[in-house]
Amino acid sequence: MISGAYRVLGTNEDETFCSVCGKKDLSRVVWLESDRGEILHCGVNCASKLTKWSQAKINGQIKNAINDNNANIRYWNSHPMVIAERGDMKESEFVAFITALLRNENQNEFVIKGVVNG
Ligand SMILES: [Zn+2]
């Protein structure tokens, strides 16, 4: 089991099982990043055990992550480079483009996935 501090990246439906306990058929998973940069997805129960945070705190962290994502998207939506590119792009291409930008900026592709799905 990974020890140390965690950060909640967000939540989405990209996986349906918990990578900690193996539970299946989850309606959504929580994405966590450890302080060593390891990324895992799990159910809320396991997220709570791993981080030693209450489920209420986990849910609060998920909300914060979503707010951060929205701030990222607002930032990139107003970026001159993005505005210049957007005219010729389909929605899916635009999302891929922003995802690539965020991956370069934050090395974090999961954050934006949460917003796209949510
Ligand atoms: Zn689990």
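Me: Helices (H or I, at least four residues) and strands (E, at least two) are DSSP runs, numbered from the N terminus. Which residue follows α1?

Reply: This is a predicted model, in which local features need pLDDT of at least 70 and side-chain atom pairs count only at pLDDT 80 or more, while totals for chains, interfaces and linings use all residues. Residues are numbered from 1 along each chain as its sequence is written. Helix α1 comprises residues 44-51. With a positive phi near 60°, the residue that follows α1 is Lys52.

Me: What is the mean pLDDT of the chain?

Reply: The pLDDT is the predictor's confidence in each residue, from 0 to 100. A value of 70 or more is reached by 76% of the residues. For the chain, the mean pLDDT is 79.

Me: Over which residues is the pLDDT below 50?

Reply: Where pLDDT is low, the predicted coordinates should not be read in detail. The stretch in question has 40 contacts in the model beyond near neighbours in sequence, a contact being a pair of residues whose C-beta atoms, placed from the backbone, lie within 7 Å. The pLDDT is below 50 over residues 107-118.

Me: In what order do the three strands form the open sheet?

Reply: Two strands pair if DSSP finds at least two bridges between them. β1 and β2 run antiparallel and are joined by six bridges; β2 and β3 also run antiparallel and are joined by four bridges. The three strands therefore form an open, antiparallel sheet in the order β1-β2-β3.

Me: Which strands stand at the edges?

Reply: A strand at the edge has a single partner strand, so one side of it is left without a neighbour in the sheet. Neighbouring strands of this sheet are turned by 25° against each other on average, direction ignored. The strands at the edges are β1 and β3.

Me: What is the bridge partner of Gly10 in β2?

Reply: Bridge partners show how the strands are aligned. Asn12 has Val29 as its bridge partner in β2, and Leu32 has Leu40 as its partner in β3. For Gly10, the bridge partner in β2 is Trp31.

Me: Is Leu40 buried or exposed?

Reply: A residue is buried if 20 or more other C-beta atoms lie within 10 Å of its own, exposed if 12 or fewer, and partly exposed in between, with C-beta atoms placed from the backbone. Leu40 lies in strand β3 and, not counting residues up to four places away in sequence, touches Ser19, Val20 and Leu32. Because 20 other C-beta atoms lie within 10 Å of it, Leu40 is buried.

Me: How far apart are the C-alpha atoms of Leu40 and Ser19?

Reply: Leu40 and Ser19 are 21 residues apart along the chain. They nevertheless touch. Their C-alpha atoms are separated by 6.7 Å.

Me: Which residues of helix α1 are buried?

Reply: The buried residues of α1 pack against β1 (6-12), β2 (29-34), β3 (39-42) and α2 (55-77). An α-helix has 3.6 residues a turn, so residues three or four places apart point the same way. The buried residues of α1 are Cys46, Ala47 and Leu50.

Me: At about what angle does α2 run to β1?

Reply: Axes are lines fitted to C-alpha atoms, for helices over the stretch in contact, and angles run from 0 to 180 degrees between N-to-C directions. α1 lies across β1, β2 and β3, running at about 20° to β2. α2 lies across β1 and β2, and its angle to β1 is about 75°.

Me: How many residues does the largest nonpolar core have?

Reply: A nonpolar core is a set of buried Ala, Val, Leu, Ile, Met, Phe, Trp, Tyr and Cys residues joined through C-beta atoms within 7 Å. Those with the most contacts inside the largest one are Val8, Val30, Leu32, Cys42 and Ala47. Its largest share, four residues, comes from β2. The number of residues in this core is 16.

Me: Is Asp25 buried or exposed?

Reply: Asp25 is placed in the loop between β1 and β2. Its phi is positive, about 60°, although it is not a glycine. Because it has 6 other C-beta atoms within 10 Å, Asp25 is exposed.

Methods:
Contact = placed C-beta atoms within 7 Å.
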